[in-house]
Amino acid sequence: MQTRPLGRTGMEVSRLCLGTMTFGEQNSEAEAHEQLDRAVAFGINFIDTAEMYPVPPMAQTQGLTERYIGSWLTQRGARDDVIIATKAAGPGLDHIRGGPRLTREHIHQAINTSLERLNTDYVDLYQLHWPDRQTNFFGKLGYVHNDEEDATPLEETLSALKELVDAGKVRAIGLSNDTPWGVMRSLQIADKLDLPRVASIQNPYNLLNRSFEVGLAEIAHREDVGLLAYSPLGFGVLSGKYLNGAQPPKGRLTLYERFKRYTSPEAEAATQAYVALAQQHELDPAQMALAFVNSRSFLTSNIIGATTMDQLESNLASESLKLNDEVLEAIDDIHRRMPNPCP
């Protein structure tokens, strides 16, 4: 398993990270533990979760994902063997903290409840799941500015995160679903006020959404704020299993109608092209899609997720797959013809 530096923290994380947002909804506690055991045995040392998980977010299940990871850490005595990342939710989802914000009070409340669920004294990477301010994320396009928005100042949020670092509850901090402005402004404030430096940014990145390359990829290189890529398979769409109207019985898009980001006619057409390319070169479409993400120079870690052990094994196999120049050039050709159908 290759490892890559997590920003300038001195921590090295595996190129594949185990995503866990199905734990507590599509996966039971026993299944979660089985996935964690297999991932660690394979060489993964990086586990990503969030206070709002599992997904879809619901009051009756919120926090189960962290609890399942916490019970695994306790039963296996594995805390020193893994790097744990979790996230504090931004505005919305009123069942979390009575309506989450990224204020000092909320940040402290969020980390304390996450640590309790995880059965640990600290997390290695603490991320802001999405910004407190009004901006574009989760596929939103057409930025509209609001001078009167009620946003928690970044200075307050970052200062609160410093308090967590100073208290030993957090080793490093990161952003998620953020923009080039958000990253650079956070770095500027950290430099000015001697606050913790952002180590990573967790944003979507896959063959159907390469928007990270437009502005954030350069920042990743020049500022050592690498990408933690989520949805590398576009909710499983890039496996090809939903093509031609197929609805696999346990597929996420079959079970939950709310997930529309990767289901447009444009996404279907692009997916058809990528799946055909994989088949032409005798590659598994999902493994090809993951291997593409793994190959990116701005990547810190690729967050894989699965609901079955067969899916997990397939995802793990992408670690050893290196795409040749012919395949990479063909991928770029499809991208030029059908760029970012699912931003």
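## A tour from Ala286 outwards

Start by selecting Ala286, which is buried, with a relative accessible area of 8%; the cut-off for buried is under 20%. Keep in mind as you go that this is a predicted model. Ala286 sits in helix α9. Leaving out residues up to four places away in sequence, Ala286 touches Leu233, Leu238 and Ser239, so show those three side chains next. For a sense of distance, add Tyr53: this residue is 233 residues from Ala286 along the chain, and their C-alpha atoms are separated by 24 Å.

**Helix α9**

Now widen the selection to residues 285-294, helix α9. How many residues of α9 are buried? The count is 10 of the 10, so the helix is largely enclosed by the rest of the structure. Among them are Pro285, Gln287, Met288, Phe292 and Asn294. Zoom in on the start of α9, where a side-chain oxygen of Asp284 comes to within 3.0 Å of the backbone nitrogen of Ala286.

**The nonpolar cores**

Next, colour the largest nonpolar core, a set of 93 residues. Its residues with the most contacts inside the core are Tyr126, Leu208, Phe212, Tyr274, Met288, Leu323 and Ile331. Helix α9 supplies the largest share of this core, seven residues. In soluble globular proteins, nonpolar side chains tend to be buried together.

Pick out Tyr274 and display its surroundings. Setting aside neighbours within four places in sequence, Tyr274 is in contact with Leu207, Leu208, Leu238, Met288, Ile331, Ile334 and His335. Another core, of 13 residues, lies apart from the largest one; to find it, select Leu6, Met11, Cys17 and Leu125, which are among its members.

**Helix α1**

Move on to residues 29-42, helix α1. At 1.5 Å a residue, its 14 residues should span 20 Å, and the end C-alpha atoms are indeed 20 Å apart. Which residues of α1 are buried? They are Ala32, His33, Gln35, Leu36 and Ala39. Look down the axis of α1: the buried residues fall within an arc of 160°, so they line one face of the helix. Those residues pack against β3 (16-19), β4 (46-48), α2 (64-76) and α10 (309-317). Turn to the face pointing away from the buried side, and you meet the exposed residues Ala30 and Ala41. Just after α1 comes Gly43, with a positive phi near 120°.

**Zooming out**

Finally, select residues 15-334, which an unreviewed UniProt entry annotates as "domain: NADP-dependent oxidoreductase". The end C-alpha atoms of this span lie 25 Å apart, and the span is 41% helix and 14% strand.

Conventions
Residues are numbered from 1 along each chain as its sequence is written. This is a predicted model: local features need pLDDT of at least 70, side-chain atom pairs count only at pLDDT 80 or more; totals for chains, interfaces and linings use all residues. Side-chain values use heavy atoms; hydrogens and water are left out. Helices (H or I, at least four residues) and strands (E, at least two) are DSSP runs, numbered from the N terminus. The expected span of a helix is 1.5 Å times one less than its number of residues. Buried means under 20% relative accessible area, exposed over 50%, partly exposed in between (1.4 Å probe, protein chains only). The arc is that of the directions from the helix axis to the C-beta atoms. Contact means heavy atoms within 4.5 Å. A nonpolar core is a set of buried Ala, Val, Leu, Ile, Met, Phe, Trp, Tyr and Cys residues joined through side-chain atoms within 4.5 Å. UniProt positions are given in the numbering used here, feature names are shortened, and annotations may be inferred rather than shown by experiment. A polar contact is a pair of N or O atoms within 3.5 Å; within protein, one must be able to donate a hydrogen and the other to accept it, and residues adjacent in sequence count only if both atoms are side-chain atoms.
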